[in-house]
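Student: I'd like a close look at just one part of this model, the inside and whatever polar groups are tucked in around it. Take your time and tie the pieces together for me.

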Amino acid sequence: MLSLGARYISSSSSFSSTLWLLIFAHFIRRIYQSSYTLPLMATRSLAVVLHYKGYTLKDKLNFAMGSSFSIKCLWDFVLQTDLIKQVPELKVPVYIFQGKYDYQVSYVIAKEFAMTVNAPVKGFYTFENSAHSPCFEESEKMCHILHTDVLQEKADLSDNIECSIAK
């Protein structure tokens, strides 16, 4: 069970949603403390969605409204969350897909989380030609990793991050 203050999450769907929220919160908090601003992050994220031809106009509008709602309701929580401290271990596989040129989620912080979290399987995948959306920017590589590693609960294609842990 993952504890969020007095609230306990036990169902798998709630746990997954909460886990993704915590991961998002951790990285946004760390970025907020860096040189990136919320308007810059939101603008870049929105630009990716607006230019993607796979979304309908309704999808694009819903994305913008959902992002605005999330930031408005969750920003304070996001700023107070540090996953490296709060989530030292997960009992599910962890896969992190990180674009090397991502200005929304720090490559260094994402890699630090991947190196420190204990999980039955963990994979950190660097997308050398991507920013925040490797699933769109390097879709063939993403699909290959999903089929070869994630669906098989392996991390054979992942970066060798264990060698780069600073002790």
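Tutor: What follows starts with a quick overview of the chain and then goes into its interior, one residue at a time.

Bear in mind as we go that this is a predicted model. The chain has seven helices and four strands, and they come in the order β-β-α-α-α-α-β-α-β-α-α. It has 167 residues, 33% of which count as buried. If you take the contacts between residues at least 6 apart in sequence, 69% of them join residues at least 24 apart.

Now for the inside. The largest nonpolar core has 14 residues, and the ones touching the most other members are Ile 96, Phe 113 and Phe 124. Helix 4 (83-86), strand 3 (94-99) and helix 5 are the elements that put two or more residues into this core. Helix 5 gives the largest share, four residues.

That makes helix 5 worth a stop. It spans residues 107-116, and its buried residues are Ile 109, Ala 110, Phe 113, Ala 114 and Met 115. Keep the geometry of a helix in mind as you read those numbers: with 3.6 residues a turn, residues three or four places apart in an α-helix point the same way. At the N-terminal end of helix 5 you'll find Ser 106 acting as a cap, with a side-chain oxygen 3.3 Å from the backbone nitrogen of Val 108.

Now pick Ile 96 and look at what surrounds it. Skipping its neighbours within four places in sequence, Ile 96 contacts Ala 110, Phe 113 and Ala 114 on one hand, and Gly 123, Phe 124 and Tyr 125 on the other. There is also another core lying apart from the largest one; it has six residues, including Tyr 125, Phe 127, Met 142 and Ile 145.

Tyr 125 is a handy bridge to the polar part of the story. The side chain of Tyr 125 makes a polar contact, at 2.6 Å, with the side chain of Asp 149. Asp 149 sits in the segment after helix 7 (139-148). Here's the bit a biochemist tends to ask about: what partners a buried acid like Asp 149? Not a salt bridge: the nearest side chain of opposite charge, Lys 154, is 6.9 Å away, and the cut-off is 4 Å, so the pair doesn't qualify. Besides Tyr 125, Asp 149 has a backbone partner, since a polar atom of its side chain lies 2.8 Å from the backbone nitrogen of Leu 157. With residues up to four places away left out, Asp 149 is in contact with Tyr 95, Tyr 125, His 144 and a run of later residues, among them Lys 154, Ala 155 and Ser 158.

That segment after helix 7 also holds Glu 153. Glu 153 isn't a glycine, yet it has a positive phi of about 55°. With a relative accessibility of 52%, Glu 153 counts as exposed, whereas Asp 149 is buried.

Go back to strand 4 for one more polar residue, Thr 126. Its relative accessible area is 6%, and the limit for buried is under 20%, so Thr 126 counts as buried. The Thr 126 side chain makes a polar contact with the side chain of Tyr 107 at 2.6 Å. Beyond its close sequence neighbours, Thr 126 touches Gln 98, Lys 100, Tyr 107, Lys 141 and Asp 159.

Lys 100 takes us to the one salt bridge in the structure. Its partner is Glu 128, with the N and O atoms 3.2 Å apart. Glu 128 lies in the loop between strand 4 (122-127) and helix 6 (134-137), and Lys 100 in the loop between strand 3 and helix 5, so the pair, 28 residues apart, links distant parts of the chain. Glu 128 has a relative accessible area of 37% and is partly exposed; Lys 100, at 41%, is partly exposed too.

Key:
Residues are numbered from 1 along each chain as its sequence is written. This is a predicted model: local features need pLDDT of at least 70, side-chain atom pairs count only at pLDDT 80 or more; totals for chains, interfaces and linings use all residues. Side-chain values use heavy atoms; hydrogens and water are left out. Buried means under 20% relative accessible area, exposed over 50%, partly exposed in between (1.4 Å probe, protein chains only). A polar contact is a pair of N or O atoms within 3.5 Å; within protein, one must be able to donate a hydrogen and the other to accept it, and residues adjacent in sequence count only if both atoms are side-chain atoms. A nonpolar core is a set of buried Ala, Val, Leu, Ile, Met, Phe, Trp, Tyr and Cys residues joined through side-chain atoms within 4.5 Å. Contact means heavy atoms within 4.5 Å. Lys and Arg count as positive and Asp and Glu as negative; His and the chain ends are not counted.
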